[in-house]
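Grab a pencil and work through these three short exercises with the structure open beside you. Try each task before reading its solution.

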Amino acid sequence: MSLTDVQLKNLETKANDIRMSILEMLVAAGSGHTAGPMGMADIFTALYFHILNHDPKNPEWVNRDRLILSNGHIVPVRYATMAHAGYFPVTELNTLRKFGSRLQGHPERHALPGLENTSGPLGSGLSQASGIALGLRMDANSLKLSGASALFPKPHVYCLMSDGELDEGNSWEAIMFAGNRKLSNLTAIIDRNNIQIDGMTEDIMPLEPLADKWRAFNWHVIEIDGHNFTDIIDAVNQAKAIIEKPTVIIAHTIPGKGITEIEGDYKWHGVPPSKDQAEAWLKGLRTLGGKIEGGHLD
Amino acid sequence: MLYKTLKLNTEDQKATRDGFGVGLVEAGKSDERIVALTADLKESTRVEAFAQEFPDRFFEMGVAEQNLVTVASGLANYGKVPFVTSYATFSPGRNLEQIRTTVCINDVPVKIIGCHAGLTVGPDGATHQALEDIAIMRVLPNMTVVVPCDTEEARKATLTLAMTNKPAYLRLGRDKTPSITTSETSFELGKGYYAFETDSADVTIIACGALVYNAIIAAEELGSQGINVDVINMHTIKPLDRDIIISAAKKTGAIVTAEEHQITGGLGSAVAEVLAEEYPVPIEFIGVRNQFGQSGTPAELMKFYKLDSESIKGAIHDVLRRKG
Ligand SMILES: Cc1ncc(C[n+]2csc(CCOP(=O)(O)OP(=O)(O)O)c2C)c(N)n1
Ligand SMILES: [Mg+2]
């Protein structure tokens, strides 16, 4: 099941397009978060374009995998990826954070089909995901789900979380619960970008040794480079193969990934680029950092 | 007429959180028991200046509002006066029970600073727009609740709350707003005052926070059309100034309340509780009606949820019709 060169190339191109969309939508909105969404573009691309069992034309499909976003402030990357995957027109991305838009500043379950859950207030996503995973497991043998189970695996629940929200007690309550209940149909993916609002996570409230903490709570732990598609996809496959525990994938990412000027800088957590900055950065992305001439999108 | 020490100023606008930041440093200088804690929101809750001035009296708690307020209750139990800052949706939103037990039943002087309250946090959307914080704080015994109308009032409220030996909630906004009060205006906890007063008023608006300005504008505009309107700035929701409410009802016989909050449980409810008991008169409520907020500019949202001065004027016409 490893990626062919063509598949890899396609995913890379897609992630690049999504990064461009993120910058464009943030500029149009005039507010919002830059670092997290840019850093998670590869993982979202891998999920929506390779991993998830989903149907953009039928977001309520009962056998769909569930993608729960816990750190709601990075929702621009989810909106951009969903638009590119065909959930809604890419042009709608420019309504982000505007009055009357389906693309609310933080995700709301009923605002846009396919969003699954409401978040923004940190630390409650893993509990929501655990409840869904538990419900799916309770009903795994019911008629509704078994009809499709020969063709499709049991719906899997993915919970995307941030490292900053591991400061919340609620997160650890969920970690303990899912470990206790052996929710093997649940995979948490942590955006381990080492930043939060007030600084670096290890200065504000140290999380390390993070993998050991999850292991101690009865989770299977995988650490990956969150910008390496092969890593991401292999880790998810391994997570699905582990049936006695939930799995956490600690994805080491670079906040602001793709824009050298802002990579790694926590000050870009919650501000959008200016129009001029975005123009320059978009040019860089369009030419893949000068690697190609003209740009593949023009 | 505008009260003598007030001056409406739409230039050089500041947010109430700015006044809090300045006030906290002043309070910290005169009382070394004062400490500050934040939950990963140092800059936007304006506690940064205090942290720089008094690094040994500042604690970064990470994104952990329950621990934030509970550790503060321990510090207060010991003898410190902690100010804890976050956004209102998270503190007092997330940590209500901890506030109830460890701050209010313990009856210790923890000062809960809820920033970015109300709709005017704008594009962040419903999850970040606290519209129930006044209700959940004013229902707690021992708690004081203050909603300043501008940056200067927020500064003075901070200084005053620093000196009470009681739990307190200070509700602050993100957005810059016009200033109303001046350095001459006094701030007395638990005492509302007439921000705008006419001789033979037909109706009284009782407002708090950013809506005091909208109420004054509505009163001025209606005054030129021959409708006389008084405006009371009710900066303290708890303990509530019952006397001024009752005397206003006796004077005009018609009340409009105005707040950037759910009608249920907020200032309007508090005023209605007093008048139902003491002196029933028609009341109209300006506030959010059982809805969540949404993304948009503060101005768009104030208009959509009918909190702007046009809507206040509409409520005045309505209440005057009912008064007959
Ligand atoms: C319960 C709660 N408290 C506070 C906040 C404000 N807030 C938004 S993001 C954030 C922390 C950022 O850390 P992380 O989630 O790792 O974000 P990153 O910068 O890596 O995207 C905070 C404190 C919040 N959204 N929810
Ligand atoms: Mg982070």
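Here are the exercises on this predicted model, each with a worked solution.

**Exercise 1: the metal site**

Find which protein atoms act as donors of the magnesium ion (ligand 2), and work out where they sit along the chain.

*Solution.* Start at the ion: its protein donors are A:D163 (OD), A:N193 (OD1) and A:I195 (O), at 2.1 to 2.2 Å. Next, read them off along the chain, and you get the spacing D-x29-N-x1-I. Now place two of them: A:D163 is in the loop between β2 (157–162) and α7 (169–180) of chain A, while A:N193 is in the loop between β3 (186–192) and α8 (201–204), so this pair ties together parts that are 30 residues apart in sequence. Finally, check the burial: A:D163 has a relative accessible area of 1% and A:N193 one of 8%. Buried means under 20%, so A:D163 counts as buried, and so does A:N193.

**Exercise 2: a covered helix**

Decide how many residues of helix α4 (residues 75–85) of chain A are buried, and what they pack against.

*Solution.* Count first: ten of the eleven residues are buried, so the helix is mostly covered. Among them are A:V75, A:Y79 and A:M82. Then look at the neighbors: the buried residues pack against α1 (5–29), α2 (35–39), α3 (41–51) and β1 (66–69) of chain A. Just past the helix, A:G86 has a positive phi of about 100°.

**Exercise 3: cysteines**

Work out how many disulfides the structure has, then look at B:C104.

*Solution.* Searching all chains turns up zero disulfides. For B:C104, the nearest cysteine sulfur belongs to B:C115, 19 Å away, whereas a disulfide needs the sulfurs within 2.5 Å. B:C104 is also buried, at 3% relative accessibility.

Methods:
Residues numbered from 1 in each chain as written. Chains lettered and ligands numbered in written order. Predicted model: local features only at pLDDT ≥ 70, side-chain atom pairs only at ≥ 80, totals over all residues. Heavy atoms only, no water. Donors = N, O, S within 2.8 Å, 3.2 Å for Na, K, Ca; no water. Helix = DSSP H or I, 4+ residues; strand = E, 2+ residues; numbered from the N terminus. Buried < 20%, exposed > 50% of the residue type's maximum accessible area, 1.4 Å probe, protein only. Contact = heavy atoms within 4.5 Å.
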